[in-house]
Amino acid sequence: MAVPSLRLEGCFALSVLPSTSISPLIAAPRVVAAAPRPIPLFRRSLHSPISRRSCRFAVKASSAPPTAEELKISTIPTKPVEGQKTGTSGLRKKVKVFQEENYLANWIQALFNSLPPEDYKGGVLVLGGDGRYFNREAAQIIIKIAAGNCVGKILVGRDGLMSTPAVSAVIRKRGANGGFIMSASHNPGGPEYDWGIKFNYSSGQPAPESITDKIYGNTLSISEIKIADIPDVDLSSLGVISYGNFSVEVIDPVSDYLELMENVFDFELIKGLVSRPDFRFTFDAMHAVTGAYAKPIFVDRLGASLDCISNGVPLEDFGHGHPDPNLTYAKDLVKIMYAEDAPDFGAASDGDGDRNMILGRGFFITPSDSVAIIAANAEAAIPYFKDGTKGLARSMPTSGALDRVASKLNLPFFEVPTGWKFFGNLMDAGKLSICGEESFGTGSDHIREKDGIWAVLAWLSIIAYQNKDKKVGEKLVSVADIAKEHWATYGRNFFSRYDYEECESEGANKMMEYLRDVISKTKSGEKYGNYALQFADDFAYTDPVDGSIASKQGLRFVFTDGSRIIYRLSGTGSAGATIRIYIEQFEPDVSKHETDAQTALKPLIDLALSISKLSEFTGREKPTVIT
Ligand code: VG1
Ligand code: CO
């Protein structure tokens with residue numbers, strides 16, 4: 001086999017090349033410049049390892065870290081790896097896959113190969129993560145490849161921590177060119193579980209498909225990785241370390257975000273509620289990234305007591321949990337909120353802090369209702385919206401509760417495919433203020449990501465506003481009262497989602513093909529039990545701002561009374577296929593509003609299962625998660 005040649009290059013001064021493979025560059029056994037804290041290292045070989053002796057260049061080994069004047073960059077050969085296509089939100093795989101040789105390095109280099117050089121050369125990129133297993137090794141790889149590609153500066157959260165919404169906020173506040181988020185969000189973490197990476201662009205929004213498609217294309221043809229020969233950076237203390245024109249600044253992951261929240265909300269109003277003796281609230285950080293935010297925001301700034309926060313320490317494996325704030329995986333919180341002496345308000349957030357679940361005493365707020373209720377109350381209760389909301393939007397499978405608010409308030413309204421990346425253009429164009437997804441994602445144009453803590457503060461603001469004139473001892477307007485009042489005004493959209501996680505891909509794909517075939521033969525007016533079909537299709541979306549088209553975004557059956565059944569395959573899983581069925585029915589009759597959603601939707605759920613022949617295709621009798 002011919003020995004591959006090794007090329008030296010650099011944006012900055014080149015002097016020595018002390019190593020010839022990515023592993024020593026990542027795991028160089030030298031002194032860590034800023035502090036001696038050991039960092040677990042990524043030890044894998046290259047596809048085509050080159051020994052130093054086989055180099056055609058005269059190479060001088062160096063044991064000292066580079067000085068501020070020099071930054072050495074190596075170009076090392078690599079080979080494409082299959083399957084690096086990003087899904088609904090970033091690239092997610094098992095940790096073991098990311099630990100394969102050059103797997104992460106290839107993707108990061110492919111990303112730089114996909115961006116116009118002016119978007120990163122000499123520029124600033126933000127780096128954060130949810131604290132999961134493999135983040136510390138990944139951070140070092142990303143930093144070194146960023147330096148190797150002539151990025152000017154990396155702003156990284158202390159200990160590599162920064163929530164997804166905070167990364168978006170920091171990108172915007174500091175005028176950065178973009179940022180990386182090391183997270184598989186709500187997927188479980190640990191050596192046997194998931195890892196993930198997302199890239200956000202300069203206005204803080206997840207990279208659009210035009211970029212992620214390009215990255216994927218480049219992962220299939222990648223042949224070399226550019227990496228700087230610098231020691232592992234100590235991420236445990238705040239400060240700046242420089243290598244030539246490249247620097248890394250370790251920043252507090254909370255302060256920029258907290259400052260933004262203080263501008264969006266009336267903290268004094270919320271403080272008034274939280275400090276009432278007749279109001280109790282609880283927040284479950286699920287041992288995920290919002291653990292780092294909950295104390296500074298809820299306790300230190302808003303005066304809640306420390307015991308309001310549970311699972312507040314971010315852990316690499318989320319305490320063996322599944323950091324997904326829903327009725328199944330946040331069961332501790334659900335138990336507390338349905339107990340006899342439950343607090344008045346309960347909330348949880350996911351791995352990377354962009355999702356939220358809202359509960360009242362013995363009362364669950366479905367996320368589709370949550371965004372509608374926030375939108376309906378925003379102007380009165382949240383200073384950021386006091387001059388009005390520009391427009392509202394939801395993902396396609398999210399219930400139509402928000403549509404009703406938009407129509408009553410006479411606001412522009414948009415329906416986009418699943419995934420937050422579709423909201424960004426509308427926000428940048430000044431057409432959208434508040435939006436949400438049924439999957440526990442709620443947010444606004446204060447940033448370009450969904451925002452778990454924002455949603456909690458929005459709800460606290462609404463509760464505080466509605467109770468601002470109540471004296472201690474008077475009955476408070478509860479979370480349930482707010483929801484029921486909303487239904488009385490707008491009608492209730494019963495909604496439920498059935499998830500069948502980790503099905504065999506073959507059966508799931510066959511079911512979707514079968515449904516596409518069924519859809520192609522449907523006719524408007526056809527009877528399905530008590531429902532008459534209005535139309536059935538495969539949802540496609542044309543972005544009103546840039547004209548880009550996203551097709552195959554979910555199979556829908558829409559009935560003449562507005563009821564809907566939607567089928568989608570998840571784009572965030574890391575094993576097999578997850579089928580999601582979304583079921584919705586509108587109920588204008590107030591006397592029926594308190595019916596349990598599962599009871600109200602039973603006929604439609606049965607219909608959804610029979611149309612799809614789900615159990616035949618998948619062998620599943622029951623969903624793994626019901627929302
Ligand atoms: C899911 C949700 C989607 C959400 C996405 C990312 O995608 O359905 O609404 O935007 O996760 O959320 P999918 O393709 O699995 O249905 V997060 O908190 O994982 O960044
Ligand atoms: Co998330």
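Mentor: A residue is called buried under 20% relative accessible area, exposed over 50% and partly exposed in between, judged with a 1.4 Å probe on protein chains only. This is a predicted model, in which local features need pLDDT of at least 70 and side-chain atom pairs pLDDT 80 or more, whereas totals for chains, interfaces and linings use all residues. Residues are numbered from 1 along each chain as its sequence is written, chains are lettered from A and ligands numbered from 1 in the order written, and side-chain values use heavy atoms, without hydrogens and water.

Trainee: Which residues are the protein donors of the cobalt ion (ligand 2)?

Mentor: Donors are N, O and S atoms within 2.8 Å of the metal (3.2 Å for Na, K and Ca), and sites may look incomplete because water is not among the atoms. Along the chain, the donors of the cobalt ion follow the spacing S-x164-D-x1-D-x1-D. At 1.9 to 2.1 Å from the ion lie the OG atom of one serine and the OD atoms of three aspartates, namely Ser185, Asp350, Asp352 and Asp354.

Trainee: How many residues apart in sequence are the parts that Ser185 and Asp352 tie together?

Mentor: Strands here are DSSP runs (E, at least two residues), numbered from the N terminus. Ser185 belongs to the loop between β6 (178–182) and β7 (194–200), while Asp352 belongs to the loop between β13 (345–349) and β14 (356–360). Both Ser185 and Asp352 are buried. Because the pair joins these two loops, the parts it ties together are separated in sequence by 167 residues.

Trainee: What is the phi of Ser185, and is this residue buried or exposed?

Mentor: Most residues other than glycine have a negative phi. Ser185 departs from that pattern, with a positive phi of about 55° although it is not a glycine. Its relative accessible area is 2%, so Ser185 counts as buried.

Trainee: His320 also has a positive phi; is it buried or exposed?

Mentor: The phi of His320, a residue other than glycine, is near 65°. His320 is found in the loop between β12 (309–310) and α10 (331–337), the helix being a DSSP run (H or I) of at least four residues. With a relative accessible area of 75%, His320 is therefore exposed.

Trainee: Which side chain has a polar atom 2.6 Å from an oxygen atom of ligand 1?

Mentor: Ligand 1 is surrounded by 20 residues (a heavy atom within 4 Å), and the closest are Thr88, Ser185, Ser439, Thr572 and Arg580. An N or O atom in the side chain of Arg355 is 2.7 Å from an oxygen atom of ligand 1, and the side chain of Glu437 likewise has an N or O atom at 2.7 Å from an oxygen atom of the ligand. The side chain with a polar atom at 2.6 Å is that of Ser570.

Methods:
A polar contact is a pair of N or O atoms within 3.5 Å; within protein, one must be able to donate a hydrogen and the other to accept it, and residues adjacent in sequence count only if both atoms are side-chain atoms.
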